[in-house]
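Biologist: Could you walk me through this model and show me how each label was earned? I'd like to see the reasoning behind the words.

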Amino acid sequence: KIEEDKRQKDNSSEKKAQKNMGGSEMKEVETLEDECKQVAAQLLKGVLLKVATMERERLMEQRQDVMKRYSEEKKRQEDEIKMVQENQAKSAEAMKVREKELREKLMKKFKQFEEKKQKTQDKIQKKKHIII
């Protein structure tokens, strides 16, 4: 209650002081208020510029991080593709070697078959000659 009475007294004192001020004093107060507003506006502008600068720097760092991750991922994918292509090339070469081996084996078997066939035909011819 005492504090409230004190505040009311201070407020009434200010009102009395304002009533007692002359026209020139009122203009001086208004000028000081305008100067305070200008200083506050300049300070606010400075703070906003600082915040904008910090936000821009943060966004640039974030962009760099994203670009770095993108580059790393792209390189990883390129390496993976290269490895797959190398494996495919090795597999293709291995298949060619295996195909050649199988072809040679088949030709060898075919020759053996032809030789056996010829021997059998020769035996048949000999027996025919003997019979005749």
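Biologist: Which residues form a positive surface patch?

Modeller: The positive surface patch is formed by K119, K123, K126 and K127. Please keep in mind that this is a predicted model.

Biologist: What makes K126 count as exposed?

Modeller: Its relative accessibility is 57%, and exposed means over 50%. K126 is therefore called exposed. As for its place, K126 lies in helix α2.

Biologist: What about the opposite charge: which residues form a negative surface patch?

Modeller: That patch is formed by E30, E33, D34 and E35. E30 is in helix α2, which covers residues 23–131.

Biologist: Why is E30 called partly exposed?

Modeller: Its relative accessible area is 43%. Buried means under 20% and exposed over 50%, so a value of 43% puts E30 in between, as partly exposed.

Biologist: Good. How many helices and strands does the protein chain have?

Modeller: Two helices and zero strands.

Biologist: And what share of the residues counts as buried?

Modeller: Of the 132 residues of the protein chain, 0% count as buried. The accessible surface comes to about 13500 Å², and carbon and sulfur atoms account for 56% of that.

Biologist: Let's turn to salt bridges. How many are there?

Modeller: The count comes to six salt bridges.

Biologist: What makes R58 and E55 a salt bridge?

Modeller: Their closest N and O atoms are 2.5 Å apart. The cut-off is within 4 Å, so the pair qualifies as a salt bridge.

Biologist: Where do these two sit relative to each other?

Modeller: R58 and E55 are separated by about one helical turn, because they are three residues apart in helix α2.

Biologist: Why are both called partly exposed?

Modeller: R58 has 41% relative accessibility and E55 has 36%. Partly exposed lies between 20% and 50%, so both R58 and E55 carry that label.

Biologist: How do you know that D79 and K75 meet in a salt bridge?

Modeller: The N to O distance between their side chains is 3.1 Å. That value falls within 4 Å, so the pair is called a salt bridge. D79 and K75 are four residues apart in helix α2, which means about one helical turn separates them. D79 has a relative accessible area of 39%, so D79 is partly exposed by the 20% and 50% limits.

Biologist: What is the N to O distance for E101 and R98?

Modeller: For E101 and R98 it is 3.8 Å. The limit is within 4 Å, so this pair is a salt bridge too. Both residues lie in helix α2, three residues apart, about one turn of the helix. E101, at 42%, is partly exposed, and R98 counts as partly exposed at 47%. The value for R98 is under the 50% limit, so the word exposed is not used for R98.

Biologist: Which residues are linked in a network of salt bridges?

Modeller: E73, R76 and E80 are linked in that way.

Biologist: Last one: which residues make the nonpolar surface patch?

Modeller: M107, F110 and F113 make a nonpolar surface patch of about 320 Å². Of these, F113 is found in helix α2. Membership of a patch requires over 30% relative accessible area and no salt bridge.

Methods
Residues are numbered from 1 along each chain as its sequence is written. This is a predicted model: local features need pLDDT of at least 70, side-chain atom pairs count only at pLDDT 80 or more; totals for chains, interfaces and linings use all residues. Side-chain values use heavy atoms; hydrogens and water are left out. Patches are made of residues with over 30% relative accessible area and no salt bridge: like charges are joined within 9 Å, nonpolar side chains (Val, Leu, Ile, Met, Phe, Trp, Tyr) within 5 Å. Accessible areas come from the Shrake-Rupley method with a 1.4 Å probe; for residues, only the protein chains shown count as cover. Lys and Arg count as positive and Asp and Glu as negative; His and the chain ends are not counted. The place of a charge is taken as NZ of Lys, CZ of Arg, CG of Asp or CD of Glu. Buried means under 20% relative accessible area, exposed over 50%, partly exposed in between (1.4 Å probe, protein chains only).
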